[in-house]
Amino acid sequence: MANNQQMTPLTEKDLAYIKDTMSWELVACKKAFQYAHQTLEPECRSLMFRIAEEHQRNFERILQHMGEHVSQSVQASISGAQPTATHV
Amino acid sequence: MTQQVQPQFTFEGGHLMMYHTEPTGLPQVKDGNVNDRDRMQDLLATEKYLSTAYNTALLEASHDCLSHVWQQNQDTCQKLQRQVFDTMFKKGWYKLPVADAQSVSHAYGQFDQYKVQLPFPSNIRPLGTSAAGMH
């Protein structure tokens with residue numbers, strides 16, 4: 001995978017799916033963690049803790065990707081409020 | 001990682017069932033409360049759902065980098081789904097009917113005949129040929 005060439009901005013659709021997937025990962029993580037605490041059987045319990053952790057990693061992975069877009073000027077200069085030079 | 005278990009087989013209602021029982025398996029209390037099996041079942045459904053959701057999301061991604069992030073997450077969900085299933089099977093919470101040998105060989109024969117419709121020469125070794133790389 002090519003490393004950050006010129007980063008293209010997120011589309012509205014991208015953002016919608018990002019918000020959806022992050023919400024689901026958050027719920028999955030919290031649910032598995034709570035279930036783990038309610039479960040006595042050791043094998044299921046440890047699997048549930050692992051599931052919770054993996055979903056946290058998934059959440060963080062998406063958040064990090066979003067962060068890269070936030071720190072890039074492309075998103076703001078193309079779709080942000082401030083007018084660009086080409087506008088004038 | 002869940003280790004592969006050796007399944008057992010019994011006849012039940014005219015079907016050969018494949019299952020596994022834990023020698024240490026605790027008797028589950030079946031009352032109105034949510035039990036271990038319910039929780040596992042819910043997590044299994046969650047992993048399946050997330051995996052499907054990621055599939056839709058990554059097909060719709062506008063750039064490769066985002067699609068790659070979602071693919072990695074989907075991989076995780078698929079692996080977790082397998083692990084939940086394997087654990088549930090091991091605990092004896094799944095009984096699976098085995099397909100009968102006749103149906104399998106019938107289907108095999110049918111699709112074996114369809115081979116002639118394929119455009120490229122076959123890469124499959126004929127049955128019974130031993131290969132070094134196989135285990």
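pLDDT is the predictor's confidence in each residue, from 0 to 100. This is a predicted model, in which local features need pLDDT of at least 70, side-chain atom pairs count only at pLDDT 80 or more, and totals for chains, interfaces and linings use all residues. Residues are numbered from 1 along each chain as its sequence is written, with chains lettered from A and ligands numbered from 1 in the order in which they are written.

**Exercise 1. Confidence**

State which scores the predictor gives the complex and what pLDDT chain B averages.

Step 1. The complex has an ipTM of 0.81 and a pTM of 0.80.
Step 2. The average pLDDT of chain B is 87, and 87% of the residues score at least 70.
Step 3. Where pLDDT is low, the predicted coordinates should not be read in detail.

**Exercise 2. The sheet of chain B**

Find the order of the strands in the sheet of chain B and say which strands stand at the edges.

Step 1. Strands are DSSP runs (E, at least two residues), as helices are (H or I, at least four), and both are numbered from the N terminus.
Step 2. The open sheet of chain B has three strands in the order S1-S2-S3, with antiparallel pairing; two strands pair if DSSP finds at least two bridges between them.
Step 3. Strand S1 (8–12) and strand S3 (96–97) of chain B each have a single partner strand, so one side of each is left without a neighbour in the sheet.
Step 4. S1(B) and S2(B) (residues 15–19) pair over five bridges, and Phe9(B) stands opposite Met18(B).

**Exercise 3. The contact between the chains**

Describe the side of chain A that touches chain B by class and by helix.

Step 1. Counting residues as in contact if their C-beta atoms, placed from the backbone, lie within 7 Å, the contact takes 25 residues from chain A and 27 residues from chain B.
Step 2. In chain A, helix H1 (12–38) and helix H2 (42–71) each supply at least two residues of this side.
Step 3. Its residues are 11 nonpolar (Ala, Val, Leu, Ile, Met, Phe, Trp, Tyr, Cys, Pro), seven charged (Asp, Glu, Lys, Arg) and seven polar (the others, Gly among them).

**Exercise 4. The core**

Identify which helix gives the largest share of the largest nonpolar core.

Step 1. A nonpolar core is a set of buried Ala, Val, Leu, Ile, Met, Phe, Trp, Tyr and Cys residues joined through C-beta atoms within 7 Å; buried means that 20 or more other C-beta atoms lie within 10 Å of the residue's own.
Step 2. The largest core has 24 residues, and Leu43(B) is among those that touch the most other members.
Step 3. H2(B) provides the largest share, seven residues.
Step 4. Beyond its neighbours within four places in sequence, Leu43(B) has contacts including Ala32(A), Met48(A) and Val84(B).

How values were computed:
Two residues are in contact if their C-beta atoms, placed from the backbone, lie within 7 Å. A residue is buried if 20 or more other C-beta atoms lie within 10 Å of its own, exposed if 12 or fewer, and partly exposed in between; C-beta atoms are placed from the backbone.
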